[in-house]
Amino acid sequence: MQNGYASYTCCHCDGSITFPVNGYSMDRIQLPLCRTCQSWYYNLRFKPTPYTKKIYLDLKRRGFRVVIEHFDGHKSVDIVAKDAMVHIEVDGSQHNINGELAIRDLWRTYYSYIDGYFTLRIPNSAVYNDLEQTSRAVSKILEENRKRTRDINKTNLYGIQRRLLMALVRMF
Ligand SMILES: [Zn+2]
């Protein structure tokens with residue numbers, strides 16, 4: 001703040017960034033990223049689509065702890081809401097038209113489920129048509145699943161059982 005610039009926040013690491021860095025990053029990447037996270041972004045094999053970026057930033061604005069282009073060791077997920085245990089995939093029409101891709105998506109959904117994550121698929125068209133409505137509906141789902149996840153972890157050992165099951169599934 002000493003240099004007179006308002007402070008902005010990097011959406012990826014929550015570090016503070018200056019006005020010019022924010023402007024540069026918004027112009028080129030459409031995400032407010034610090035220099036380090038800009039390098040991370042440029043090195044990504046698959047870049048998030050404009051639709052993914054839009055809904056991600058809107059969920060951030062709503063206070064959700066979400067991560068964009070998260071690599072979980074097996075696959076890259078468009079957006080992960082860790083405390084809600086939800087994977088969000090923002091899909092183009094090819095996911096409906098291309099049968100092979102659709103089946104691959106089903107298996108991804110299955111493996112995420114084994115890991116305890118619910119997969120929410122959002123068509124690009126929803127984001128394009130009405131970001132506000134889309135984001136509100138997604139927020140409701142995240143809130144509900146966050147509550148449910150908390151209840152489950154509080155009341156029984158399901159979390160531990162799930163992790164054991166996951167480890168077993170990965171072994172075979
Ligand atoms: Zn950063």
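**Notebook: strand β4 and its surroundings**

I began with strand β4 (residues 76–81) and found it mostly covered, with five of its six residues buried. The model is a predicted one, and I read every value below as computed from it.

**Entry 1: partners of β4**

I looked up what lies on either side of β4 in the pairing. β3 runs antiparallel to β4, and five bridges join the two. β4 also pairs with strand β5 (residues 86–91), again in the antiparallel sense, over three bridges.

I then checked the connections. Four residues lie between β3 and β4, which form a hairpin. In that turn Gly 73 has a positive phi of about 100 degrees. β4 and β5 form a hairpin too, with four residues between them. There the residue I noted is Met 85, whose phi is positive at about 55 degrees.

For one bridge between β4 and β5 I wrote down the residues: Ile 79 has Ile 88 of β5 as its bridge partner.

**Entry 2: Val 67**

I picked Val 67, which sits in strand β3 (residues 66–71). Which residue of β4 is the bridge partner of Val 67? I found Val 80 in that position. Val 80 also turned up in the contact list: leaving out residues up to four places away in sequence, Val 67 touches Val 80 and Lys 82.

I took one distance across the hairpin. Val 67 and Ile 79 are twelve residues apart along the chain, and their C-alpha atoms are separated by 5.5 Å.

Is Val 67 buried or exposed? I had to enter neither, because 16 other C-beta atoms lie within 10 Å of Val 67, and the count for buried starts at 20 while exposed ends at 12. Val 67 is therefore partly exposed.

**Entry 3: Arg 146**

Next I went to Arg 146, in helix α7 (residues 131–155). Arg 146 has 18 C-beta neighbours inside 10 Å, so I entered this residue as partly exposed. Which residues does Arg 146 contact, leaving aside neighbours within four places in sequence? I found Asp 83 and Ala 84.

I also took a distance back along the chain. Ser 125 is 21 residues from Arg 146 in sequence, and 26 Å separate the two C-alpha atoms.

**Entry 4: helix α5**

I checked the length of helix α5 (residues 99–114) against its residue count. The helix has 16 residues, so at 1.5 Å a residue the span should be 22 Å. The end C-alpha atoms are 23 Å apart, which agrees. Just after α5 I noted Gly 116, with a positive phi of about 95 degrees.

**Entry 5: the whole chain**

I finished with the overall figures. The protein chain holds eight helices and six strands. From the N terminus on, I read the order of elements as β-β-α-α-α-β-β-β-α-α-β-α-α-α. The C-alpha trace spans about 55 × 40 × 35 Å along its principal axes.

Of the 172 residues, 25% count as buried. I also looked at how far apart in sequence the contacting residues are. Among contacts with a separation of 6 or more, 48% come from residues 24 or more positions apart.

The domain assignment gives domain 1 (1–43) and domain 2 (47–171). Taken over C-alpha atoms, the centres of domain 1 and domain 2 are separated by 25 Å.

Conventions
Residues are numbered from 1 along each chain as its sequence is written. This is a predicted model: local features need pLDDT of at least 70, side-chain atom pairs count only at pLDDT 80 or more; totals for chains, interfaces and linings use all residues. Two residues are in contact if their C-beta atoms, placed from the backbone, lie within 7 Å. The expected span of a helix is 1.5 Å times one less than its number of residues. Domain bounds come from an automatic or database domain assignment. Two strands pair if DSSP finds at least two bridges between them.
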